[in-house]
Amino acid sequence: MKYALVTGGSRGLGRAVCLKLAQMGVPVIINYQSNMAAANEVKELVEAAGVSAELLPFNVSAKEEVDAALDQWEATHPEDYIAYLVNNAGIRKDGMMFMMPEQDWHNVLDVTLNGFFYVTQRLLPKMMMRKHGGRIVNMASLSGLKGMPGQTNYSAAKAALIGATKALAQETAARSVTVNAVAPGFIETDMTQDLPQKELSEMIPMRRFGKPEEVASLVGFLLSDEASYITGEVISINGGLYT
């Protein structure tokens, strides 16, 4: 059986992606770090759709935790493999660079960039060995394309993730593993709840923030067979804010 792993799957965009995968009939592994209650809620919603769901807690930025969790999962699923990976885990620690604590720089890059590396590198060999390959979608951001003031760390992490997406896609294409990135703009999630939505919406041609379900639909398409010839792409979803 082919499973999907969604990192940071308990809230926001990760939650929406898990529910989209349930609609597609794909068994979901929901990764989270600390919010077990939120993760359990997502699990129940996926199962209510008639699809298998499992929780897999680990810190994506800690290699030993990643390896231990995935080793354990594979040991209990000898006939299955993770064919779909959504690298969604990420954090924001906004601040002007001249005042930014060094730890805020490292923490943001560790989760987004090192998390992508540890999880993807661990799962790639089995994807590449399978006849039907696999699908990887990396959650980038408008910040990684345009750069956003007050987000030097976040913009750097997401821009690096975009570069890694393009490079990895060329490494794995011959083995039928596609690698794409999605770059959302302002989306209504807990990560953006502290932003002045009314003021920022006036800057967006569509005059509103996006919905998590809209991003999840794009991710679902990139994970599907219909997107089998799309790789190395970064697809923006930002209401026309930046093209």
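Student: Which residues are exposed on the other side of helix H2, away from its buried ones?

Tutor: This is a predicted model, where local features need pLDDT of at least 70, side-chain atom pairs count only at pLDDT 80 or more, and totals for chains, interfaces and linings use all residues. Residues are numbered from 1 along each chain as its sequence is written, and side-chain values use heavy atoms, with hydrogens and water left out. Helices (H or I, at least four residues) and strands (E, at least two) are DSSP runs numbered from the N terminus, and exposed means over 50% relative accessible area, buried under 20%, partly exposed in between (1.4 Å probe, protein chains only). On the side of H2 you ask about, the exposed residues are Ala37, Glu44 and Ala48.

Student: How wide an arc do the buried residues of H2 cover?

Tutor: The buried set is Ala38, Ala39, Val42 and Val46. They lie on the same side of H2, because the arc they cover around the axis (taken from the directions from the axis to the C-beta atoms) is only 100°.

Student: That spacing looks regular; which elements do those buried residues pack against?

Tutor: An α-helix has 3.6 residues a turn, so residues three or four places apart point the same way. Contact here means heavy atoms within 4.5 Å. The partners of the buried H2 residues are helix H1 (12-23), strand E2 (28-32) and strand E3 (53-57).

Student: Which residue just after H2 takes a positive phi?

Tutor: H2 itself covers residues 36-48. Just beyond H2 the backbone takes a phi of about 85°, and the residue that does so is glycine 50.

Student: What is the volume of the largest cavity?

Tutor: A cavity is a set of points on a 1 Å grid over the protein atoms alone where a 1.4 Å probe fits but cannot get out. Points are joined across faces, edges and corners, and a volume is the space filled by probe spheres set on them. The count comes to one cavity of 30 Å³ or more. The largest cavity holds about 60 Å³.

Student: Which element gives the most to its lining?

Tutor: Lining residues have an atom within 4 Å of a point, and here they include Thr7, Val60, Asn87, Val111, Phe116 and Leu161. With five residues, the biggest contributor to the largest cavity's lining is H4.

Student: And how many charged residues line the largest cavity?

Tutor: Its lining has six nonpolar and five polar residues. Asp, Glu, Lys and Arg count as charged, and the number of charged residues in this lining is no more than none: no charged residues.

Definitions and conventions:
Expected span 1.5 Å × (residues − 1). 1 Å grid on protein atoms, 1.4 Å probe; cavity = no way out; pocket = protein on both sides within 12 Å on 5 of 7 lines; lining within 4 Å.
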